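Visitor: Please take me closely through one loop of this model, and then set that loop beside other local features of the backbone and the surface near the nucleic acid.

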Number of protein chains: 2
Amino acid sequence: MFKLCLFLFSSYSWGVAFQNSLMKNKNHTLKSIASTLNLSVTTISFVLNGKGKEKKISNEVIKKVLDYVESINFRPNQVAQSLRTGKTKILVFMVEDISNYFFAKIARIIEDLAYDKGYRVLFCSNENDDTRSRDLIHLFYERQVDGFIIIPSPGIKDEIEMLIKNNIPVVLFDRYFEDLDTSYVVIDNRNAARKATQHLIDNDFKRIGFITIESQQNQMINRQKGYIEAMENSGLKTKILEIPFRKIEDQNTKKTIKKFLMEGKELDSVFFATNYLTRTALEIIKEVDQSLFEELGIVTFDDNDLFKINTPTITAVAQPLKQIGEELMNIMLNLLREEKEQNGTQNIVLNSELIIRNSSIRKNSVK
Amino acid sequence: MFKLCLFLFSSYSWGVAFQNSLMKNKNHTLKSIASTLNLSVTTISFVLNGKGKEKKISNEVIKKVLDYVESINFRPNQVAQSLRTGKTKILVFMVEDISNYFFAKIARIIEDLAYDKGYRVLFCSNENDDTRSRDLIHLFYERQVDGFIIIPSPGIKDEIEMLIKNNIPVVLFDRYFEDLDTSYVVIDNRNAARKATQHLIDNDFKRIGFITIESQQNQMINRQKGYIEAMENSGLKTKILEIPFRKIEDQNTKKTIKKFLMEGKELDSVFFATNYLTRTALEIIKEVDQSLFEELGIVTFDDNDLFKINTPTITAVAQPLKQIGEELMNIMLNLLREEKEQNGTQNIVLNSELIIRNSSIRKNSVK
DNA sequence: CTGAAAGCGCTAACAC
DNA sequence: GTGTTAGCGCTTTCAG
């Protein structure tokens, strides 16, 4: 942080903005418009909401209103509208880190789908932190958002329950609470991890390590289960390293990973449970010795553009981003529609795809 | 898109949620609270806004209110609050694509700074498209957001002007309109490009190509100017390829880039004007021939984690993300504070840093 | 110290 | 066909 700043300086220049008050928005409201047009607010409101025909308002009046409104570039105040209708047409999309490739891609898909239906999406990052998650949920709850799409941090079951009890549509994804009846979209992590591990085994790797996040959340537990299953089915010994989520960037963690990967050449390959672990590990391997890439088999959870550019290209479990986004919005739109009724929860488990690249192909040099 | 889906299927399961209406939020309001506590809404409002002391409300009353409010987990309706106060405490951060590394990183920095000041940030992507930008600006304008931080698409000068005329704080970044007096934060693109090009020249590259986006926006124009300046100063011939923004992912574009890079071995090095061009180009080079990496000098605008993992590691012009974020929020907070007054605009030009890695070091094999 | 009441801008039931 | 008006939930002035 500090280091970065040392290289930089800035130059300032000030200009004076002569705010042209002549053109300042007159703060038009339905009322003011009604009075200048000698009509009532109701009429204006109906026309603006496209209920002109329905309410049998004359075409001349409709045109008059529309033209005037256009000419002054009037936009109804949505805050007032929301207060009145109780709807904000805003959805919240909360993930660990919106700058992460996986989350960001889904965010864009959701945003587009929501846009078409007249909803806007608010993105936010909870860092997988409970306090932050709670803050955000409350904040948006107070702002009356219409629905939540959430990757829950471990301890926010209560908040999720609170939302549901208050009839706010919620869809979880990536993970969920097994003892809470919510709608969710996840992938079959266990199966995916089993298949990925099996792929390494099929390629004649035997000493396969598993590097994961220290977590009690079910997506991670299932990935680990899948790995263990595959290993045990083949009579192989598991070797697992768990990293605390908050310490991924620590120097010590890097050392730990380095040690795990290289010590005594115990491993001939490794399976990473998330993409940010892989990113860190690739950096480490790169720092130490490019040739390690030639020896070590690598498979990772979550695909990334960089994996097909890397040398070697990296084999990855690719989650179906587009489908995840679509299912999420599907469920959300359903909930939004039926809101009032006794609602069923909808649980969707998707399959992922193992994209086989060079990093998991058995290298010639068998030690 | 379609291909992706072919690999996938989903399994559905339905559960019935018995919404526990006993626990449903009673829709508390100041009024309802006032009536159950036998107080007036004023008192409740004062206490809730921390004006209890100031308004000399007795400690018992304060405690009574606070305790009750806590017990029912009451949260004031922010929509109503906003309607009343005219403030939403929401800022909008609009960029080309929020999933892009550069934008996402700045977004996170801004989010954190804003959070501390009680502001929430809404992120959105305009795809550098005018229609989409306009939609978004209007949408948020109608929602009465308190301020805009925007990377403007080419043709939205009018909307920006509209915001300013309506006294909405606006800060642009990455680029700006030279004939519009707005606050902005940019980097010295021309200088950065000149230095990056000069770096290649100093490393004995002579046939340096420049791949950029076809754009009239000043950030791109200045990068190109910088490149041309450096080349001409050294008496070298420029060779420029301009790609239309909307066609970056096209197959034809890939072919064009490929041709530009390789045809007749005319180039010994290349300077990419944005990170997404580099990403595409790296893929192409990878597809064609890893050995090209050994021959071709590469420098790119915008750093990325993957550049230090790539083989070879890639030299990049790194923009000062943290500082950009800080300056943006600085200006924004100033504008927010002074809003009423005749405001000066503030223009900040930052320097960037050339991070020298392996890709720009002259290779042994001189043809 | 506390309460009454006006009003932010909009919707929609009801009235004419 | 169009107008009147009662709120949505909150803040804040003014009264007492």
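**A loop residue and its counterparts**

Guide: N167(A) lies in the loop that runs between α8 (157-165) and β5 (170-173) of chain A, where helices (H or I, at least four residues) and strands (E, at least two) are DSSP runs numbered from the N terminus. This is a predicted model, in which local features need pLDDT of at least 70 and side-chain atom pairs count only at pLDDT 80 or more, while totals for chains, interfaces and linings use all residues. Residues are numbered from 1 along each chain as its sequence is written, chains are lettered from A and ligands numbered from 1 in the order in which they are written.

N167(A) has phi near 65°, a positive value in a residue other than glycine, and because 14 C-beta neighbours lie inside 10 Å, N167(A) counts as partly exposed (20 or more other C-beta atoms, placed from the backbone, within 10 Å would make a residue buried, 12 or fewer exposed). In chain B, Q144(B), in the loop between α7 (130-142) and β4 (147-150), also has a positive phi near 65°, and with 19 C-beta neighbours inside 10 Å Q144(B) counts as partly exposed.

Another backbone feature is the cis peptide bond joining T311(A) and P312(A), with omega about -5°; P312(A) sits in the loop between β10 (297-301) and β11 (315-318) of chain A. In chain B, the peptide bond from T311(B) to P312(B) is cis, with omega near -5°.

Turning to the nucleic acid, 28 residues surround DNA strand D, the closest being S40(A), T42(A), T29(B), N77(B) and A80(B) (near means a C-beta atom, placed from the backbone, within 6 Å).
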